[in-house]
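Got the viewer open? Let's take a walk through this one together, from the whole chain down to a single helix.

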Amino acid sequence: MTRPPLTILLAAPRGFCAGVVRAIDIVERALALYGAPVYVRHEIVHNRFVVDDLRAKGAIFVDELDEIPDGDRPVVFSAHGVPKSVPAAASARHLFQLDATCPLVTKVHMEAQRHHAEGLEIILIGHKGHPEVIGTMGQLPDGAVRLIESVEEAEALEVRDPEKLAYVTQTTLSVDDTKDVIAALQRRFPAIRGPYKEDICYATTNRQEAVKAIAPRIELLLVVGAPNSSNSRRLVEVGEKNGTPRSLLVQRAADLDWSSLQGLSTIGITAGASAPELLVNEIIDAFRNHYDVRVETVTLREENVSFNLPRELREAQSPS
Ligand code: SF4
């Protein structure tokens, strides 16, 4: 049987970012050093495949610390960051804590704390309910950080004192949408202070730019990622707004609906920052069963970012 030709434009960079690599390494290194179980509060990163893999190696995922028995077992906090109340509660119980918060999220926490110490009211641009937003708001007392999600909310915002205002952002937002929200804030409150651009991280920015580069050339964009992954969902939106109205989030090859994937000639694939490359390859292989596939990687820029592991893990000796 001859298969029709299909070109797959593979966006680069895609997939794992330095913060996700570090978070997974922290759990794996803790398992190697201290044995199972290692407790992990919340999904270490938003990807079921990653979570299931770590669970198989001995990680136990919990929603809250009270599910962890007293003792010497390590507890890892996820890459998204946690409110200050979480390490405080862990310290009160003398739990062995390992913090996998991405350093770029910690940077936002520190910015918010600095603004608060200077007496500024803080506006956080982010998505309500996302763990990173809960963690950032939880760095400061209740009421110190106001969350807004959209231009409309920026336009309607009432503040204590327009002269004493600062903003920070979630790291995984849409670069373009966030620009509009910041512009609305700056127009209404010219004295507002903020970061140089926004706090969106390099990985989110680069993945969105890479999608923009391929979107006008493709009939369909597949974003490999999880429905609760903010940066993956933003990649779908970036595809839709920049030339590929048909942009879909997909977790595994088994999720593909082949009845709707006939007659294609050029598609694009990218992956969110928490999606392993193995899942990208699985999806390309699935297309090979239906098409004569040619893969063209479109590289927008090279990434060479890496973050150190926490000192306790760097200094600990592996068991002989
Ligand atoms: Fe860190 Fe950005 Fe990765 Fe989030 S997406 S873990 S902020 S590098």
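We'll begin with everything selected and then zoom in.

Keep in mind that this is a predicted model. With the whole chain on screen, colour by secondary structure: you should find 11 helices and 12 strands. The radius of gyration is 21 Å, close to the 20 Å that the globule rule gives for 320 residues, so the chain is as compact as a globular protein of that length. Turn it along its principal axes, and the C-alpha atoms fill a box of roughly 65 × 60 × 30 Å.

Next, switch on the surface. About 14,700 Å² of the chain is accessible, and carbon and sulfur atoms make up 50% of that. Of the 320 residues, 52% count as buried.

Now pick out the charged side chains. There are 35 positive and 44 negative ones, and the centres of the two sets lie 3 Å apart.

If you can draw contacts, look at those with a separation of 6 or more: 76% of them join residues 24 or more positions apart.

Time to zoom in. Select residues 18–34, which form helix α1. Its 17 residues reach 24 Å from the first C-alpha to the last, close to the 24 Å expected at 1.5 Å a residue.

Which residues of α1 are buried? Show A18, G19, V20, R22, A23, I24, I26, V27, A30, L31 and L33 as sticks, and you have the list. Notice that the arginine R22 is among them.

Last stop: step past the end of α1 to G35, where phi is positive, near 75 degrees.

Definitions and conventions. Residues numbered from 1 in each chain as written. Predicted model: local features only at pLDDT ≥ 70, side-chain atom pairs only at ≥ 80, totals over all residues. Heavy atoms only, no water. Helix = DSSP H or I, 4+ residues; strand = E, 2+ residues; numbered from the N terminus. Expected span 1.5 Å × (residues − 1). Buried < 20%, exposed > 50% of the residue type's maximum accessible area, 1.4 Å probe, protein only. Rg over C-alpha atoms; globule rule 2.2 N^0.38 Å. Contact = heavy atoms within 4.5 Å. Areas by Shrake-Rupley, 256 points an atom, 1.4 Å probe, with all protein chains shown as cover. Lys, Arg positive; Asp, Glu negative; His and termini not counted. Charge placed at Lys NZ, Arg CZ, Asp CG, Glu CD.
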